[in-house]
Amino acid sequence: MPKARTCVFISGRGSNLNSLLQAQQDSQCAYEIVLVISNNAEAAGLQIAQNYGIQSAIFPNSWYKGNKQSQEKAMHLLLSEMNIELIALAGYMRILTPWFVDQWENRILNIHPSLLPLYPGLNTHKRALEAGDSKHGCTVHYVTSELDAGTILLQAKVSIYSDDTPDKLADRVLMEEHKLYPQALNLVALEWKART
Ligand code: GRF
C-alpha cells in the first residue's frame with residue numbers, strides 16, 4: 001500500500017521529528033516523511049532532516065512579519081505541489097490561522113506535552129508540578145483553530161515524583177512523546193490510506 005506523504009513542521013530541536021523518522025525505517029510504517037518545514041532557519045531539527053536526506057524548506061517568521069497568512073499561503077503552495085497528504089506539527093511554535101487549518105481539516109496532528117485538556121499552551125511541566133498533580137504526560141491530537149483543543153488521538157502518562165523539577169519531568173515526558181507520536185501518526189496514515 002502506498003504510504004501517506006507527510007510533512008513535519010518544526011521550529012527547534014527536532015527530537016520528535018527524529019523519532020518519527022526512525023520509526024519510518026520499519027517497512028510496515030504507513031507514513032513517509034517527504035518534507036520538513038521550519039519557520040526558523042536556526043532550528044536544529046533541519047540538520048536531522050538533512051541527515052536523513054529529507055527535503056526541507058524554511059519560511060522564517062522574520063520574512064513574514066505581521067503577515068502570517070502570506071507565510072502560510074507560501075507553505076500551502078509547496079505542500080500542494082508536493083502532494084502532501086498529512087501534516088505533523090512537532091514543536092512548531094507558531095499558531096496556525098483558521099484559514100490554514102481549514103485547508104487541511106482533519107489532516108494536521110500535533111504533539112503536546114500534557115494530558116490535555118489539562119494545560120494547553122506553554123510551561124506545561126511547571127504548571128503540572130505547581131498544581132500538585134500525581135500524573136502528567138503527553139497527547140497527540142488533531143489540530144483545530146482553537147489552541148491544543150482538537151480531538152485527542154492518543155495519550156501517554158508518566159508519574160510525578162516528589163523530587164521532580166520541570167526539567168526532569170520534561171525529560172520523562174519526552175521519552176513517552178518519542179514512542180507516542182510515531183504510533184499516532186501511523187494510525188492516522190493507515191486510516192487516511194484506507195479512505196483514499
Ligand atoms: C515537545 O515537547 C512537544 O511536545 C512540544 O514541543 C516540544 C518539541 O520538541 N510541542 P522537539 O523539537 O520535538 O524536540
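User: How much space lies in the largest cavity?

Analyst: In this predicted model, the largest cavity holds about 30 Å³ of space. A search of the whole structure for cavities of 30 Å³ or more finds one.

User: Why is it called a cavity and not a pocket?

Analyst: The word cavity is used because a 1.4 Å probe fits at its points but cannot get out, whereas a pocket is an open set of points. The residues that line the largest cavity are Leu86, Asn106, Tyr142, Val188, Glu191, Trp192 and Arg195. Helix α6, residues 166-195, gives four residues, which is the largest share of that lining. By class, the lining of the largest cavity has four nonpolar residues, one polar residue and two charged residues.

User: What takes up the space of the largest pocket?

Analyst: The ligand does, for the space it takes is the largest pocket. About 920 Å³ of space lies in this pocket, and among its 37 lining residues, Gly91, Tyr92, Met93, Ile111 and Pro113 are the closest to its centre. At least two lining residues come from each of α1, β5, α5 (124-130) and α6, and the largest share, five residues, is supplied by α6. The lining of the largest pocket divides into 15 nonpolar, 15 polar and seven charged residues.

User: Which residues surround the ligand?

Analyst: The ligand has around it Arg13, Gly14, Ser15, Asn16, Gly91, Ile111, His112, Pro113 and Glu177. In this shell, two residues are nonpolar, five are polar and two are charged.

User: How do you know that arginine 13 and serine 15 make polar contacts with the ligand?

Analyst: A polar contact is a pair of N or O atoms within 3.5 Å, so each distance has to be set against that limit. An N or O atom in the side chain of arginine 13 is 2.5 Å from an oxygen atom of the ligand, and a polar side-chain atom of serine 15 also lies 2.5 Å from a ligand oxygen atom. Both distances fall within the limit, and therefore both pairs are called polar contacts.

User: What makes isoleucine 111, which counts as nonpolar, a partner in a polar contact?

Analyst: The contact uses a polar backbone atom of isoleucine 111, which is 2.9 Å from a nitrogen atom of the ligand. This distance is within 3.5 Å, so the pair is a polar contact. Taken alone, the ligand exposes 370 Å², of which the protein buries 85%. Two elements, α1 (15-23) and β5 (108-112), give two or more residues to the shell around the ligand.

User: Where is proline 117 found, and what is the form of the peptide bond that leads to it from leucine 116?

Analyst: Proline 117 is in the loop between β5 and α5. The peptide bond from leucine 116 to proline 117 has omega near 10 degrees and is cis.

User: What is the sign of phi in tyrosine 119?

Analyst: Phi of tyrosine 119 is near 55 degrees, which is a positive value in a residue other than glycine. Tyrosine 119 is placed in the loop between β5 and α5.

User: Why are a cis bond and a positive phi pointed out?

Analyst: They are pointed out because most peptide bonds are trans, and most residues other than glycine have a negative phi.

Notes. Residues are numbered from 1 along each chain as its sequence is written. This is a predicted model: local features need pLDDT of at least 70, side-chain atom pairs count only at pLDDT 80 or more; totals for chains, interfaces and linings use all residues. Side-chain values use heavy atoms; hydrogens and water are left out. A residue is near a molecule or strand if one of its heavy atoms lies within 4 Å of it. A polar contact is a pair of N or O atoms within 3.5 Å; within protein, one must be able to donate a hydrogen and the other to accept it, and residues adjacent in sequence count only if both atoms are side-chain atoms. Accessible areas come from the Shrake-Rupley method with a 1.4 Å probe; for residues, only the protein chains shown count as cover. On a 1 Å grid over the protein atoms alone, a cavity is a set of points where a 1.4 Å probe fits but cannot get out, and a pocket is an open set with protein on both sides within 12 Å along at least five of seven lines; lining residues have an atom within 4 Å of a point. A molecule sits in a cavity or pocket if more than half of its atoms lie within 2 Å of its grid points. Ala, Val, Leu, Ile, Met, Phe, Trp, Tyr, Cys and Pro count as nonpolar, Asp, Glu, Lys and Arg as charged, and the others, Gly among them, as polar. Grid points are joined across faces, edges and corners, and a volume is the space filled by probe spheres set on the points.
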